[in-house]
Every structure is written in C-alpha cells, then in structure tokens.
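Colleague: I am new to reading protein models. Could you walk me through one, feature by feature?

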Amino acid sequence: MKAETFFSEGEHHWFTLYDQDEHRVIDSNVYALQVDGQTLLCDPGGFEIFPQVFSALTAVVSPSTIKQAFVSHQDPDIASSLPLWNACNPDITWRVSELWVGFIRHYGALDANLVGIPDQGGEIVLGTARLQIIPAHYLHASANFHLYDPRAKVFFSGDVGAALLPPGHSAFVDRRNLESSAAFDAHIKQAEYFHKRWMPSNAAKRDWCERVSKLEIDFLCPQHGAIYTGQNVQRFIDWFDSLDVGSAIG
C-alpha cells in the first residue's frame with residue numbers, strides 16, 4: 001500500500017493509505033487524520049491487509065500517536081484488524097455504532113475500548129479538531145456512519161462513492177491525462193454496479209444526498225476506489241441522487 005498526504009495545514013493532516021498491488025481480497029482504503037500529534041484512523045481495515053496498512057502508516061505517523069479509530073459499520077474489511085491494532089496500542093478508543101458493538105467484539109480483543117455511537121450521530125474531538133459523525137444508515141449497513149472534518153472539508157463516506165478499481169490506480173478520481181468531467185465519467189462506470197447492488201434504499205440515499213449537499217466538501221473519501229475532489233464531489237452526489245439503487249437483482 002502507499003501513503004499519500006492530501007490535506008496539510010499547520011498541525012492538521014489527512015493521509016490516505018491505498019492501492020494493494022494484488023487483490024487477494026477486496027481493495028480497501030484506510031484514512032488517517034493527525035491533529036496536534038494525535039491520530040485517528042478511519043476504517044482501519046481487515047485482518048488480511050494489516051501488515052500492508054501498518055507498514056504504510058509508519059511512513060507518515062507513529063502508531064503510538066493513534067488515540068482513536070472510527071468504524072463506519074461492521075464488515076470485516078472495515079474492522080477485523082481490530083485485535084491486531086489493539087495488541088499494538090491498547091489505548092485506542094474505538095468509535096462504532098451502538099448496534100454493532102456486540103457484533104464487532106466477535107473479531108476478538110474483548111478488552112478493546114469500544115464506545116457506541118447513537119443513531120443520531122455525534123462528535124469526535126481530536127486535539128483542536130471537532131469532527132461530525134454523520135448518520136448514513138442503510139448505506140449499506142442498517143447502522144452506518146460517515147465522518148466530516150469541517151476545517152479540512154474532508155468527508156469520509158465509507159462505502160458511498162466506492163468503486164472497484166484495478167491495481168495501480170490513482171488516489172484521486174481526477175487523472176492528469178483527462179479533463180475533470182471526463183475522468184469522472186470514466187471512473188463512475190466502475191462504481192455503478194457496486195451502488196446498485198449494495199445500497200438497498202432509495203429513501204436512505206435521498207436523505208443522505210440532501211444532508212451532505214449542505215456541507216462544504218473539498219474531498220469526498222470512500223473506503224474503496226479513489227477520492228472525489230473539486231467539481232467531482234457534487235457530480236457524484238448528483239449522480240448518486242439520480243441512481244435507482246437496490247436494483248441489481250434479476
């Protein structure tokens with residue numbers, strides 16, 4: 001995996017860890033936010049990719065600075081690495097939906113500090129940063145959350161915006177050899193089936209699009225695929241809003 005800084009201002013830094021060289025398992029992105037020397041991980045990944053994630057992370061931050069981890073939902077590609085992270089640093093506080101706390105403990109590390117997030121969301125404080133936990137229920141899990149950093153205008157969108165890309169892909173939807181809208185059109189073809197199959201509710205989708213459209217977002221960061229920036233953020237929201245989801249059966 002590779003580590004890349006995509007936002008840096010003073011003591012406030014966002015990193016993406018992305019792109020497995022070979023896809024033995026589904027390709028996943030892990031994001032790290034460091035503020036005032038404290039680090040938070042977003043969806044720290046599955047057991048299988050822990051060595052690659054840990055190696056890439058140490059290139060940009062010290063694992064000893066990890067204070068918190070945000071877990072969007074219960075899937076193994078999201079958090080089955082929890083016992084390994086807990087063994088490295090038992091002081092990490094894990095933020096996860098109240099609905100999934102008991103399920104996630106099946107991954108192990110019964111002594112891990114899991115803090116439940118209520119259905120309406122909430123806030124995470126990391127150093128001087130105040131991050132908003134945004135409800136995204138049924139997209140695709142029945143209890144699901146996203147994370148918004150208003151200072152950096154970074155929105156971690158979990159599986160929303162995901163695309164299944166080939167090895168060697170860029171960290172960003174925009175490509176140097178394509179105009180932005182053309183890059184979006186090429187990219188979104190690799191996201192369409194995923195969203196039709198894994199997003200079951202048009203009502204939940206519309207609620208999310210209305211909620212997220214009110215936020216200032218410079219970076220929309222999914223857990224699979226590539227980061228949407230600039231005009232591609234609104235392009236994605238508009239595309240998703242018009243997509244008939246839960247429709248890939250038959």
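**Reading a fold, step by step**

Modeller: Gladly! This is a predicted model. Let's begin with a helix packed on strands: helix α7 (residues 202–213) lies across β9, β10, β11 (154–158) and β12 (219–222), and runs at about 155° to β9.

Colleague: Which sheet do those strands belong to, and in what order do its strands come?

Modeller: To describe a sheet, we list its strands in order. Here, six strands make an open sheet with the order β8-β9-β10-β11-β12-β13, and the pairing is mixed. Its edge strands, β8 (122–126) and β13 (228–229), each pair on one side only.

Colleague: In which sense do β9 and β10 pair, and over how many bridges?

Modeller: Strand β9 (residues 129–135) pairs with strand β10 (residues 145–149) in the antiparallel sense, over four bridges. To find one position in the model, look for Ile 134, which stands opposite His 146 in β10.

Colleague: And how many helices and strands does the chain have?

Modeller: The chain has eight helices and 13 strands. Seven of the strands form another open sheet, in the order β1-β2-β3-β4-β5-β6-β7, again with mixed pairing. Its edge strands are β1 (2–9) and β7 (113–117), each pairing on one side only. On average, neighbouring strands of this sheet are turned by 20° against each other, direction ignored.

Colleague: Where could I look for a parallel pair?

Modeller: Try strand β5 (residues 66–70) and strand β6 (residues 93–97), which pair in the parallel sense over three bridges. Phe 70 has Arg 95 in β6 as its bridge partner.

Colleague: Which helix lies across β1 and β2?

Modeller: That is helix α1 (residues 50–58), which lies across β1, β2 (12–18), β3 (30–35), β4 (38–42) and β5. Helix α1 runs at about 145° to β2.

Colleague: How do I judge the overall shape of the chain?

Modeller: Compare its radius of gyration with the value for a compact globule. With 250 residues, such a globule would have a radius of gyration near 18 Å; the chain has 17 Å, so the two agree. The C-alpha trace spans about 45 × 35 × 35 Å along its principal axes.

Colleague: Last one: what is the volume of the largest pocket, and which residues are closest to its centre?

Modeller: The largest pocket has a volume of about 190 Å³. Twelve residues line this pocket, and the closest to its centre are His 169, Ser 170, Phe 172, Asp 174 and Arg 175. By type, the lining divides into five nonpolar, four polar and three charged residues.

Technical notes: Residues numbered from 1 in each chain as written. Predicted model: local features only at pLDDT ≥ 70, side-chain atom pairs only at ≥ 80, totals over all residues. Heavy atoms only, no water. 1 Å grid on protein atoms, 1.4 Å probe; cavity = no way out; pocket = protein on both sides within 12 Å on 5 of 7 lines; lining within 4 Å. Points joined across faces, edges and corners; volume = space filled by probe spheres on them. Nonpolar A, V, L, I, M, F, W, Y, C, P; charged D, E, K, R; others polar. Pairing = 2+ DSSP bridges. Helix = DSSP H or I, 4+ residues; strand = E, 2+ residues; numbered from the N terminus. Contact = heavy atoms within 4.5 Å. Axes fitted to C-alpha atoms, helices over the stretch in contact; angles between N-to-C directions. Rg over C-alpha atoms; globule rule 2.2 N^0.38 Å.
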